[in-house]
Amino acid sequence: MAHELVEALSTMKEKDALRIVDEMLERGAEPAEILALCSEAMQVVGDKFSEGEYFLPELMMSGEMLKKIGQVLKPRMAGETAGKAKLGRVVLGTVRGDIHDIGKDLVGFILDVNGFEVTDLGINVPEEKFVEAVRENKPQVLALSGFLSVAFDSMKTTIEQVEAAGLRDGLRVIIGGGQMDNTVRDYVKADAYGESAMDAVAFAKKTVGVA
Ligand code: B12
């Protein structure tokens, strides 16, 4: 089934993909497992785009399919934190020049259901907006998302401007998204890189001292 899902997603067969997701859930698959397969499929789509086999419409279609699958999985990922005191605050956004938001939205959602108050600034967020939000919300964690290479420099200048505003002390910064890795983390001077939304949760929990 796993292979069929990757195949359906990477060949834009939306109905098949949604049916397979339903079937996998009925058989007891974990949402995280399905998400990992979605990432695998998006890697295939991305590669085909790079190689000139797919074009923008395919990227857009795959984005739409992913959003629909996200809607199916979200209720099943909801934790039991409703009504409980929040563990801490996170400011989140996709950095300037980048409009990819599927991964970011998942990060925000999963942080929220795990007990964090999330201020999501959206996409293509300019440096000043991050600085303003950090000043106002006093988060323990700043989470920057980006999927493009151009996002490296936006992340770097965002962190520099937060620091220049005197807001870096005590603030822990994590980056994530498609092209990010530990080399980028070093380049932008973030504290951590996270591969998945769950890494963001683990980092935020560690930051506020919750096991
Ligand atoms: C869907 C898609 C789009 C959609 C986005 C829809 C949307 N609403 O987000 C659309 C069609 C809009 C799009 C546009 C473009 N795209 Co695009 N896109 C993709 C694609 C296929 C999938 C991305 C995705 O949503 N994946 C799904 C998520 C859920 O998967 P995931 O990454 O595993 O998610 C996890 C992590 O990322 C992590 N995470 C995410 N954020 C954060 C943050 C933190 C703090 C942490 C800890 C973790 C974390 O948590 C997520 C959940 O576990 C990728 C290919 C790829 N391999 O990624 C290309 C890709 C990112 N796009 C690419 C390009 C080039 C573009 C365009 C420039 C194309 C163009 N010529 O116009 C434009 C850019 C527009 C802009 N200014 O941003 C390139 C980038 C290449 C590069 N090196 O810069 C890629 C890699 C494709 C490729 N191989 O060429 N794209």
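Which strands does helix 7 lie across, and at about what angle does helix 7 run to strand 3? The views below take up this point along with the domains, the sheet and the ligand.

This is a predicted model, in which local features need pLDDT of at least 70, side-chain atom pairs count only at pLDDT 80 or more, and totals for chains, interfaces and linings use all residues. Residues are numbered from 1 along each chain as its sequence is written, and side-chain values use heavy atoms, with hydrogens and water left out.

**View 1. Two domains make up the division of the chain.** They are domain 1 (2–77) and domain 2 (88–208), with bounds from an automatic or database domain assignment. Their centres, taken over C-alpha atoms, are separated by 25 Å. Six residues of domain 1 are in contact with six residues of domain 2 (contact means heavy atoms within 4.5 Å).

**View 2. Five strands form an open sheet with parallel pairing.** The strand order is 2-1-3-4-5. Strand 2 (116–120) and strand 5 (192–194) are the edge strands, each pairing on one side only. Strands (E, at least two residues) and helices (H or I, at least four) are DSSP runs, numbered from the N terminus; two strands pair if DSSP finds at least two bridges between them. From one strand to the next, the twist averages 25 degrees. Strand 1 (residues 88–94) is joined to strand 2 by five bridges in the parallel sense. Leu 92 has Asp 120 in strand 2 as its bridge partner.

**View 3. Helix 6 and helix 7 are shown with the strands.** Helix 6 (residues 127–137) packs on the sheet and touches strand 1, strand 2 and strand 3. Its direction makes about 170 degrees with that of strand 1. Helix 7 (residues 150–164) lies across strand 3 and strand 4, at about 160 degrees to strand 3. Angles run from 0 to 180 degrees between N-to-C directions, and axes are lines fitted to C-alpha atoms, for helices over the stretch in contact.

**View 4. The ligand lies between domain 1 and domain 2, because both give residues to the shell around the ligand.** Of the 39 residues around the ligand, Ser 39, Ile 99, His 100, Asp 101 and Ser 145 come nearest (a residue is near if one of its heavy atoms lies within 4 Å). Helix 4 gives the largest share of the shell, seven residues.

**View 5. Polar atoms of Ser 39 and His 100 face ligand atoms at short range, at 2.5 Å for Ser 39 and 2.8 Å for His 100.** The Ser 39 atom is a polar side-chain atom, paired with an oxygen atom of the ligand. For His 100, a polar side-chain atom is paired with a nitrogen atom of the ligand. A polar backbone atom of Ile 102 is 3.4 Å from an oxygen atom of the ligand. A polar contact is a pair of N or O atoms within 3.5 Å.

Conventions. Polar contact = N/O pair within 3.5 Å; in protein donor to acceptor, adjacent residues only side chain to side chain.
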